[in-house]
Amino acid sequence: VLSFRAVESQSEGQCAPVDSLWRRYSEFELLRNYLSVTYPHIVVPPLPEKRADFVWHKLSADNMDPDFVERRRIGLENFLLRVASHPVLCQDKIFYSFLMQEGGWKDMVNETGFQLKADSRLKALNATFRVKNPDKRFTELKHYSDELQSVISHLLRVRARVADRLYGVYKVHGNYGRVFSEWSAIEKEMGDGLQSAGHHMDVYAASIDDILEEEEHYADLLKEYLFYAEALRAVCRKHELMQYDLEMAAQDLTSKKQQCEELATGTVRTFSLKGMTSKLFGQETAEQREAKIKILEEQIQEGEEQLKSKNLEGRDFVKSAWADIERFKEQKNHDLKEALISYAVLQISMCKKGIQVWTNAKECFSKM
């Protein structure tokens, strides 16, 4: 459960927003699903993981672990900030209601009927395999998102293994501290130096928990872009569906034009069951043909208008989607650069502390 304070100023004529709200993770899922369906051309920010993944084995993977719950709370807060900073999503009324209203926002979501607009997985899969002229840019973007997900997954797995080894190194220092302290108890002239060296080792070993918790923060930043890869693919799938609908509409229009021409000229270009039936049971009367031609002409006119509308919709989608993808790429490059630099700085700082610990131990030994 997440609690956050509403910081938006009160607009004239609106009810005063509550000071704080409680939201469950499932409510965040509902909000994001609504945004994904309503704004198919936008790379909608992902939610943080519901259960811990890519963790080093000493860390609890329990989704009720206090440290994990706190990191997830930070992730959910980051999701809200991502949406609030987006030039389009921030203006959505339901998002505003999610932030400001204790209850009622779910009714607003359901009234939009967004579930009915959601495309089925079967339809999306069908479009993927049957689109004849896919847009090369979106095909390349889909491959890029797959590679991005693969690389970040591998990076997170390596980082978890390194964290395990690092944990072991720190615990070895803890063992050094215990041995030096016990040794100091039986030594007279060397006792003080051994005890001081043991103290330095103990302090260093105790710092590992805070360090690895800070590392988890950087891992969460990487995980966000691991999940962003799926948001990219969602935009690609939506474009495939639009392209598929466009091609099906064009194919249907061509078929109707051919039928109309065959009826008008009395010639059949392709084999059809209707043609065989006509040969077996006689040709249609002129009145029947005229009636069918009239219906087909109306359907052709309607189909041409639909095709024109789908073409315009497709062009608008590509223009809007590509603008948002470029915005996402700039954000990604900035965020990952900052995260990786910070992670490197953390590693350097840890190494310097390790060197300092052994420098201090050396001084302790030299004074014996």
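These legends go with three close-up views of a predicted model.

**View 1. Val-235 and the residues around it.**
Let's start inside helix H9, which covers residues 208-265 and holds Val-235. Is Val-235 buried or exposed? With a relative accessible area of 1%, Val-235 is buried, because buried means under 20%. Look for the residues that Val-235 touches, leaving out those up to four places away in sequence: Pro-40, His-41, Ile-42, Val-43, Phe-138, Phe-317, Ala-321 and Ile-325. One of these, His-41, deserves a second look. Val-235 and His-41 are 194 residues apart along the chain, yet their C-alpha atoms are separated by 5.8 Å.

**View 2. Ser-184 in helix H7.**
Next, find helix H7, made of residues 136-184, where Ser-184 sits. Ser-184 has a relative accessibility of 11% and so counts as buried. Which residues is Ser-184 in contact with, once its neighbours within four places in sequence are set aside? They are Gly-191, Leu-194 and Gln-195.

**View 3. A negative patch on the surface.**
Now we turn to the surface, where Glu-287, Glu-290, Glu-297 and Glu-298 form a negative patch. Pick out Glu-290, one of the patch residues. Glu-290 belongs to helix H11, which spans residues 286-366. Its relative accessible area is 54%, so Glu-290 is exposed; the cut-off for that word is over 50%. Compare this with the first view: Val-235 is buried at 1%, whereas Glu-290 is exposed at 54%.

Terms used
Residues numbered from 1 in each chain as written. Predicted model: local features only at pLDDT ≥ 70, side-chain atom pairs only at ≥ 80, totals over all residues. Heavy atoms only, no water. Patch = residues over 30% accessible without salt bridge, like charges linked within 9 Å, V, L, I, M, F, W, Y side chains within 5 Å. Areas by Shrake-Rupley, 256 points an atom, 1.4 Å probe, with all protein chains shown as cover. Salt bridge = Lys/Arg side-chain N within 4 Å of Asp/Glu carboxyl O. Lys, Arg positive; Asp, Glu negative; His and termini not counted. Charge placed at Lys NZ, Arg CZ, Asp CG, Glu CD. Helix = DSSP H or I, 4+ residues; strand = E, 2+ residues; numbered from the N terminus. Buried < 20%, exposed > 50% of the residue type's maximum accessible area, 1.4 Å probe, protein only. Contact = heavy atoms within 4.5 Å.
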